[in-house]
Amino acid sequence: MENLTDLSLVIFAWGNTSRGDDGIGPRMASYLLSLSDSRIEVIEDHQLNIEHVTDIRAQTPVLFIDASVALQKGYRVERLTPTADGNFSTHAISPAALLNVYRQTMGQPVPDAFLLHVAGRHFGLGDDLSPESENSVAAAWAFLKDVLDGPASDWASRFGAAAD
């Protein structure tokens, strides 16, 4: 039996709810928070920042969630590895670069990490989520809920299987 007080997953979800489909991350974060699952830590922010390195735990898998223009519809899971991709500043950082900063500053291997891409197409100021993105969010949520309904010990392997 799992100890429900043990943190089993850290989730970063980010985006700007004032810019249409960029609000996908915060929407997913609100769904996750409604679960009130003590095994999951949800960090929702306007953007991923270098300071978020302190939210990563050594052996706790990490899931990043963001809108993606690379997809036409639906969602995709990507396995992440630390990368010095130069894609960061003092205000924003990519998930792979954040993992690299974690490895460098903490001096330990990064935990299993994945990026849940959710299709976003319309990012107009003042827009709501587009109907297409609402469908993509629903599909991504169904996938994520299915994973989270299983044993926490299987979560990382289920994300990994979806990414392979």
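A salt bridge is a side-chain nitrogen of Lys or Arg sitting within 4 Å of a carboxyl oxygen of Asp or Glu. With that in hand, a search of the whole structure, which is a predicted model, turns up 5 salt bridges. Some of them come back below, once the sheet and the helices around them have been introduced.

The sheet is a good place to start. Its 5 strands form an open sheet, and reading across, the order is β2-β1-β3-β5-β4, with mixed pairing. At the edges stand β2 (40-45) and β4 (75-79); each has a single partner strand, so one side of each goes without a neighbour in the sheet. On average, neighbouring strands here are turned by 20° against each other, direction ignored. Strands of a sheet pair through backbone hydrogen bonds, and they can do this in a parallel or an antiparallel way. The pairing of strand β1 (residues 9-14) with β2 is parallel and runs over 6 bridges. As part of the picture, Ile11 stands opposite Val42 in β2.

Edge strand β2 also takes part in a salt bridge. The side chains of Glu41 and Arg57 meet at 3.1 Å, N to O. Glu41 belongs to strand β2, while Arg57 is in the loop between β2 and β3, so this pair links distant parts of the chain, 16 residues apart. How open to the outside are the two partners, given that the partly exposed range runs from 20% to 50%? Glu41 has 22% relative accessibility and therefore counts as partly exposed. Arg57, at 30%, counts as partly exposed too.

The loop between β2 and β3 holds Thr60 as well. Is Thr60 buried or exposed? Its relative accessible area is 10%, so Thr60 is buried, given that the buried class covers anything under 20%. Leaving aside neighbours within four places in sequence, Thr60 touches Leu7, Ser8, Leu9, Val10 and Pro111.

Next come the helices. Helix α1 (residues 24-34) has a set of buried residues: Ile24, Gly25, Pro26, Met28, Ala29 and Leu32. What do these residues pack against? Their partners are β1, β2, β3 and β5 from the sheet, plus helix α3. After α1 comes Ser36, which has a positive phi, near 50°.

Helix α3 (residues 131-149) packs with helix α4 (residues 155-163) as well, at an angle of about 145° and with the two axes 9 Å apart. The crossing of α3 past α4 is right-handed. On the α3 side, the residues involved are Phe143, Leu144, Asp146, Val147 and Leu148, and they meet Trp155, Arg158, Phe159 and Ala162 of α4. Sorted by type, the residues of this contact come out as 7 nonpolar, no polar and 2 charged. Helix α4 also lies across β1, β2, β3 (62-68), β4 and β5 (113-119), and runs at about 110° to β4.

Leu144 deserves a closer look. This residue lies in helix α3 and is buried, with a relative accessible area of 0%. Leaving aside neighbours within four places in sequence, Leu144 is in contact with Met28, Leu32, Leu63, Ile65, Leu116 and Phe159. Met28 and Leu32 are among the buried residues of α1, and Phe159 is one of the α4 residues in the contact with α3. Between the C-alpha atoms of Leu144 and Phe159 there are 8.9 Å, with the two residues 15 apart along the chain.

Two more salt bridges involve helix α3. In one of them, the side chains of Arg158 and Asp146 come together at 2.5 Å, N to O. Arg158 is in helix α4 and Asp146 in helix α3, so the pair ties together parts that are 12 residues apart in sequence. Arg158 counts as partly exposed at 31% relative accessibility, and so does Asp146 at 43%. The other bridge joins the side chains of Lys145 and Asp149, at 2.8 Å, N to O. Why are Lys145 and Asp149 separated by about one helical turn? The reason is that they are 4 residues apart in helix α3. Lys145 is partly exposed, with a relative accessible area of 27%, whereas Asp149 has 55% and is exposed, the exposed class being anything over 50%.

Conventions. Residues are numbered from 1 along each chain as its sequence is written. This is a predicted model: local features need pLDDT of at least 70, side-chain atom pairs count only at pLDDT 80 or more; totals for chains, interfaces and linings use all residues. Side-chain values use heavy atoms; hydrogens and water are left out. Axes are lines fitted to C-alpha atoms, for helices over the stretch in contact, and angles run from 0 to 180 degrees between N-to-C directions. Helices (H or I, at least four residues) and strands (E, at least two) are DSSP runs, numbered from the N terminus. A crossing is left-handed if the near helix is turned anticlockwise from the far one by less than a right angle, and right-handed if clockwise. Contact means heavy atoms within 4.5 Å. Ala, Val, Leu, Ile, Met, Phe, Trp, Tyr, Cys and Pro count as nonpolar, Asp, Glu, Lys and Arg as charged, and the others, Gly among them, as polar. Two strands pair if DSSP finds at least two bridges between them. Buried means under 20% relative accessible area, exposed over 50%, partly exposed in between (1.4 Å probe, protein chains only).
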